[in-house]
2 protein chains.
Amino acid sequence: MPTLDPVELVISMPEEERRSWLRTLAPDDAADLIQSAPKTQQPALLDALDPWPRSEVSALLAYKEDEAGGLMSPRFARLRPEMGIDEAIAYLRRQAGQVETIYYAYVLSEEQRLLGVVSLRHLLSAPRDRLVRHVMRTRYQSASEQDRGEAVAKLMSDYRLLAIPVVNRAGIMQGIVTIDDAMQVQRENADQQLQRVGGMEALDGPYLATSFGRMIRKRAGWLSALFLGEMLTATAMGFFEQEIAKAVVLALFIPLIISSGGNSGSQAATLIIRAMALGEIKARDVFQVLRRECAAGLALGSVLCVIGMVRILLWHRLWGTYGEQFARVSLTVGASLIGVVLWGTLAGATLPLILRACRVDPATASAPAVATLVDVSGLVIYFSVAKIFFLGIV
Amino acid sequence: MPTLDPVELVISMPEEERRSWLRTLAPDDAADLIQSAPKTQQPALLDALDPWPRSEVSALLAYKEDEAGGLMSPRFARLRPEMGIDEAIAYLRRQAGQVETIYYAYVLSEEQRLLGVVSLRHLLSAPRDRLVRHVMRTRYQSASEQDRGEAVAKLMSDYRLLAIPVVNRAGIMQGIVTIDDAMQVQRENADQQLQRVGGMEALDGPYLATSFGRMIRKRAGWLSALFLGEMLTATAMGFFEQEIAKAVVLALFIPLIISSGGNSGSQAATLIIRAMALGEIKARDVFQVLRRECAAGLALGSVLCVIGMVRILLWHRLWGTYGEQFARVSLTVGASLIGVVLWGTLAGATLPLILRACRVDPATASAPAVATLVDVSGLVIYFSVAKIFFLGIV
């Protein structure tokens, strides 16, 4: 069951067929398709459209694919405030074939300023002697063109909207985002984020229907990349071979130390990636986020430090596990945990922010990638701390 | 900004207020609310409803919250196949206040069998001299009561539906799931899965608006639990202290080996959790899944084995890094990688399946939990393999 890429399909069509196929698409869907085609093919696809949709689609192409502007359709149902109820219904009835949805209608002033929103359901149950301006809602939710698609989807879900108007700064109506597009954005983002955090590329198909070879390729790529990164740990450990030889007890805590760094890093990264996707963190919040994660890293590191030291002292008291050096071991592990968790948290929180500043998808800073980064530095922190507490011994 | 729990709010209301508040809820929302209340409070809440909605809500309470049956509303717009178009529109207009949506109407036979679906938009633009049965769609998507909420949401998103009918095995219409509920289920599931995979409890609020103390509690809980699990690695390593003392070179690859197991485990777990949430994997598929993951584990382990052995042999050739024992080291690392990745993949795939069989949310088998489990066993595999290749030495 091969998944057909619609872009490839359209590109491979003969010109006539391509033209008639593109003609069936709503302008927002056509813009989506053209946006995901290779840059060299985009002009040809745009040319295949008829003049009027072409100007609409060109306008949409100016927006990013995952912004409200890139998701919206300019074909929405418009009403005038002075229309009567029956007149409005009859008018919507006539527009039914040309607009994205007739279930919400947008009441505009002469200057295309959005005055209010009214649902078809509300129009149908309103007293027939009123005017549109009497029944429209003047307090409504709206999005602006640069809002992130996922944030718009959340707003629509929170307010249970089937469509949301997109207005520019001057209050001029630009288009609507409908729930089907919002839901698709929400699902695609969630899938991508989850699979990145879980350390793989998205399968793009049901598990059992994906061919074995295809699945292995998708999984082996990420796994090999993480493995190559993780190889640096062997290099880093090489520098501390002498120390381990002198105090083998240090080796016992290596997995504990590096996994604590990795877990705190992946936790911070997941939190920040999610908050950025929902538009909760803006560029101006960066320093506040870093201050917060710095404090969080110290607090979380201290919690693990206490648990770790209690565990070592308890085991020593009960079974004498760690010999004479138990105090040094416990101090080394405790101090390293604070350092490693603080570093892991900061690295996990910073990486997505840096990636976004470089215009790379923040979700690339997936948990496993952060964990790999943190593993190597965690080893350096651990053995550096050990050198202090085992002064003269290692 | 404390998040108010609606259940607590309703329980704390005086009876009169509670009654009038519950009265404003649609039956599916009331059922949701009652379902998330403590078991002891449920009868009191149900009693506060009026008789007719109470019987509707009771019927819905028989379903699980995340099944189509638990999400559906019994208040949908019904039409008869022999109605005229205008008659149907007028009828929908009168039903507008009582049903969940009038934008889709369901055409039922006398025995409540679902014959077809028609959208209000389609009715409004249909020729007025036709009957409902001429314009209704007889090929439509539907869900059954036990379908998982997230699978229903995906179906609605794929087919761009605003509502989907739920029918039982006999084809009798039970209710509809509307897009707002489907979208909420999709978002909640995605958030929960992502945060579990990232190793934390869901924040239930925007990042910057969540108080520092609340955030630390949510994060420290998971981090401490993982830390306690990971402590077993120190115990496991304790058993191999002698081996490390004799061949320190073995310690160098510990992080590499255990992270490979952890990454392959979290990859498999993420994949299976996702596929189960979308209903792609049924109980009868378990053996097929395990066979597939067994093969995938072997294939992925072999890839890493080759990369790992090439790296060790290359470093040895270039810098003589691993001394005389380079061949033993390379064989130990290579063989362990196959074992660890195979085991990690199987554990990651099996854990969610076992949890579901025990009626625990499979997403609890989050990537970090799997990684912790796999870390401990990875060490055992690695040192057991080392004992074979370093026979007589360690």
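Select helix H3 of chain A, residues 27-36, where eight of the ten residues are buried, so the helix is largely enclosed by the rest of the structure; buried means under 20% relative accessible area, with exposed over 50% and partly exposed in between, for a 1.4 Å probe and protein chains only. The buried residues to colour in H3(A) are Pro27(A), Asp28(A), Asp29(A), Ala30(A), Ala31(A), Leu33(A), Ile34(A) and Gln35(A). Helices (H or I, at least four residues) and strands (E, at least two) are DSSP runs, numbered from the N terminus.

This is a predicted model, in which local features need pLDDT of at least 70 and side-chain atom pairs count only at pLDDT 80 or more, while totals for chains, interfaces and linings use all residues. Residues are numbered from 1 along each chain as its sequence is written, chains are lettered from A and ligands numbered from 1 in the order in which they are written, and side-chain values use heavy atoms, with hydrogens and water left out.

Next, select strand S4 of chain A, residues 163-167, in which five of the five residues are buried. Ala163(A), Pro165(A) and Val167(A) point one way from S4(A), whereas Ile164(A) and Val166(A) point the other way. In a regular strand the side chains alternate between the two faces of the sheet. Adding strand S5 of chain A, residues 173-178, brings in an antiparallel partner that five bridges join to S4(A); two strands pair if DSSP finds at least two bridges between them. Pro165(A) has Ile176(A) as its bridge partner in S5(A). Five residues lie between the two strands of this hairpin, and Gly171(A) in the turn has a positive phi of about 85 degrees.

Move now to the open sheet of chain A, where three strands follow the order S1-S2-S3 with mixed pairing. Its edge strands, each pairing on one side only, are S1 (77-79) and S3 (114-119) of chain A. S1(A) and strand S2 of chain A, residues 104-108, run parallel and are joined by three bridges, and Arg78(A) stands opposite Tyr106(A) in S2(A). Show helix H7 of chain A, residues 85-95, as well: H7 packs on the sheet, touches S1 and S2 of chain A, and has a direction at about 155 degrees to that of S1(A). Such angles run from 0 to 180 degrees between N-to-C directions, with axes fitted to C-alpha atoms, for helices over the stretch in contact.

From S1(A), pick Leu79(A), which, leaving aside neighbours within four places in sequence, is in contact with residues including Ala88(A), Tyr91(A), Tyr106(A) and Val118(A); contact means heavy atoms within 4.5 Å. Leu79(A), Tyr106(A), Leu79(B) and Tyr106(B) have the most contacts inside the largest nonpolar core, which has 124 residues. Such a core is a set of buried Ala, Val, Leu, Ile, Met, Phe, Trp, Tyr and Cys residues joined through side-chain atoms within 4.5 Å.

Finally, display both chains. Chain B can be laid on chain A with an RMSD of 0.1 Å by a turn of 180 degrees and a shift of 0.0 Å along the axis, which is the relation of a two-fold axis; copies are superposed by least squares on the C-alpha atoms of residues with pLDDT of at least 70 in both. The contact takes 109 residues from chain B and 109 residues from chain A. About 9900 Å² is buried between the chains, with carbon and sulfur atoms giving 65%; buried area is the accessible area (1.4 Å probe) that two parts lose on being put together, summed over both.
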